[in-house]
Amino acid sequence: MTATIDRVRAGFIGAGRISDLHALEYIANPDAEIVAIADVNRDLAEQRARAWGFPDAKIYTDYRALLDDPNVNAVDILLPHHLHCEAALAAMDAGKHVSLQKVMTTTVADADRLVERSKTASGRFRVFENFIFYPPVMKAKELIAEGAIGEPVSIRVKSNSGRSRTAWAVPAYADAWRQDRARNGGGPIAFDDGHHKFALAWLFMGLAEEVHAWIGETPRPEGGVVDAPAIISWKFPRNRFGHLEIAYSPDLELVTVHYAQDDRLEITGTSGVIAMARGHGRLVEGPALTLYADGKSVGFSFPDAELGWEASFIHSTRHWIEALRTGASPHLTGEEGRDILKFTLAAQLSAELGRAVRVDEVSRLAP
Ligand SMILES: NC(=O)c1ccc[n+]([C@@H]2O[C@H](COP(=O)([O-])OP(=O)(O)OC[C@H]3O[C@@H](n4cnc5c(N)ncnc54)[C@H](O)[C@@H]3O)[C@@H](O)[C@H]2O)c1
């Protein structure tokens, strides 16, 4: 029987850029709190504890000391990708429930290690993915389950990156490790951010069999490069297809309070189409979700609080807290996280080899 806990006493490992959005549900949820924060940058961890209203949270600079803290029963691991495997293994060894930010690891071999370890761990394990918890995405999933567009036959995801006067500040440290493939595992858009788009494709279509990718590279005015433009095509079982198109426009001003980016999604079924018009920002005005079926187009509106990108973090964290309290299986499971990692790595490998790659080739050919 799966052990449950009444109250989630979370320890954050990593208090960087994204931790602010992880904190939101812990601040609001009466069944959870943040009791400890570990970051090599002590000042940052202290600042976060004060800003989030957890002034009594224990502050550590070594996450292993946080893992020794018996008051912590669950951890959110929010570290650069190359540190994920080691930290998650240590947290499982310490008996904590582990929510590990995507991407799970930088190699399939490390993802295998985590899946194997999680089978005998006393705590639960999940890979944190938020896009599948964005309210318009959850509504699209519900409509499809009700048969609103018949059987999905194709999916397309469009991702625009640009600049934004209203975006949040990204610290130099957070950009530096993303620019370094050894620490990131791939490029900053097609791999790091791409995980979310591959997760969306997986949510609606299942795991692809084959991937074909062209991934370009463009210098940024502020220095460094982005792995865009890119076109990534997906072949799913049963003669179904999809693609992700990534465009980077250095002079495209985007309205957002998070990253200078926006995403759109369209799923075509045997009898209808569902289109989602926004992700991070508001590039396209109008209803966030539109269903076309039976010759009619219906727009779905959502309260403002459900449309901000942060809503996807709130729902993903709420889902985790609920799972720990009820014993339900939290998404992404380790196996699901590993599947999406393989899917994402298949695109990297395809671009490198200049040919289509079967997703099951990744374990054999990727480093
Ligand atoms: N779901 C999303 O949409 C989303 C968005 C952004 C980031 N992320 C993920 O969140 C994770 C963190 O990203 P970020 O943007 O917050 O990065 P970041 O660089 O801002 O934060 C990482 C933090 O880890 C700390 N750190 C580094 N090494 C450490 C160590 N050994 N011990 C303790 N602390 C250490 C750093 O000081 C830093 O504060 C990554 O997995 C990233 O992919 C997800």
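In this predicted model, a polar side-chain atom of Q101 sits 3.2 Å from a nitrogen atom of the ligand. Two further side chains make polar contacts with the ligand. A nitrogen atom of the ligand is 2.6 Å from an N or O atom in the side chain of N130. For D39, the partner is an oxygen atom of the ligand, and the distance from a polar atom of the D39 side chain is 2.6 Å.

How much of the ligand does the protein bury? Taken alone, the ligand exposes 850 Å², and 93% of that area is buried by the protein.

Allow me to describe the shell around the ligand. There are 27 residues around the ligand, and those that come nearest are R17, D39, H81, K102 and N130. D39 and N130 thus appear here as well as in the polar contacts. By residue class, the shell divides into 15 nonpolar, seven polar and five charged residues.

Which elements give two or more residues to this shell? They are α7, spanning 172-179, and α9, spanning 188-205. The largest share, four residues, comes from α7.

Where does the ligand lie with respect to the domains? Domain 1 covers 8-129, and domain 2 covers 132-312 together with 345-349. The ligand lies between the two domains, because both of them give residues to the shell around it.

I turn next to a separate site, the second largest pocket. Its space amounts to about 280 Å³. Of the 15 residues that line this pocket, S118, G123, R124, F125 and P330 are the closest to its centre. Two elements, α5 at 108-120 and α12 at 334-353, give two or more residues to the lining. The lining of this second largest pocket divides into four nonpolar, eight polar and three charged residues, whereas the ligand shell has 15 nonpolar, seven polar and five charged.

With regard to enclosed space, how many cavities of 30 Å³ or more does a search of the whole structure find? The search finds one. About 60 Å³ of space lies in the largest cavity. Its lining is formed by F131, Y134, V137, L200, D263, M276, R278, G279, W309 and S312. Those lining residues divide into six nonpolar, two polar and two charged.

Some local backbone and side-chain features also deserve mention. S164 is found in the loop between β7, residues 152-163, and α7. The side chain of S164 reaches two backbone atoms: the nitrogen of A167 at 3.1 Å, and the oxygen of L254 at 2.7 Å. The loop holding S164 leads to α7, the helix that supplies four residues to the ligand shell.

Which peptide bonds are cis? One is the bond from K102 to V103, with omega near -20°. V103 lies in the loop between β5, residues 97-101, and α5, while K102 is among the residues that come nearest to the ligand. Another cis peptide bond runs from A228 to P229, with omega near 5°. P229 belongs to the loop between β10, at 225-226, and β11, at 230-236.

Finally, N239 has a positive phi of about 60° although it is not a glycine. Its position is the loop between β11 and β12, the latter spanning 240-253.

Notes
Residues numbered from 1 in each chain as written. Predicted model: local features only at pLDDT ≥ 70, side-chain atom pairs only at ≥ 80, totals over all residues. Heavy atoms only, no water. Near = heavy atom within 4 Å. Polar contact = N/O pair within 3.5 Å; in protein donor to acceptor, adjacent residues only side chain to side chain. Areas by Shrake-Rupley, 256 points an atom, 1.4 Å probe, with all protein chains shown as cover. Nonpolar A, V, L, I, M, F, W, Y, C, P; charged D, E, K, R; others polar. Domains from an automatic or database assignment. 1 Å grid on protein atoms, 1.4 Å probe; cavity = no way out; pocket = protein on both sides within 12 Å on 5 of 7 lines; lining within 4 Å. Points joined across faces, edges and corners; volume = space filled by probe spheres on them.
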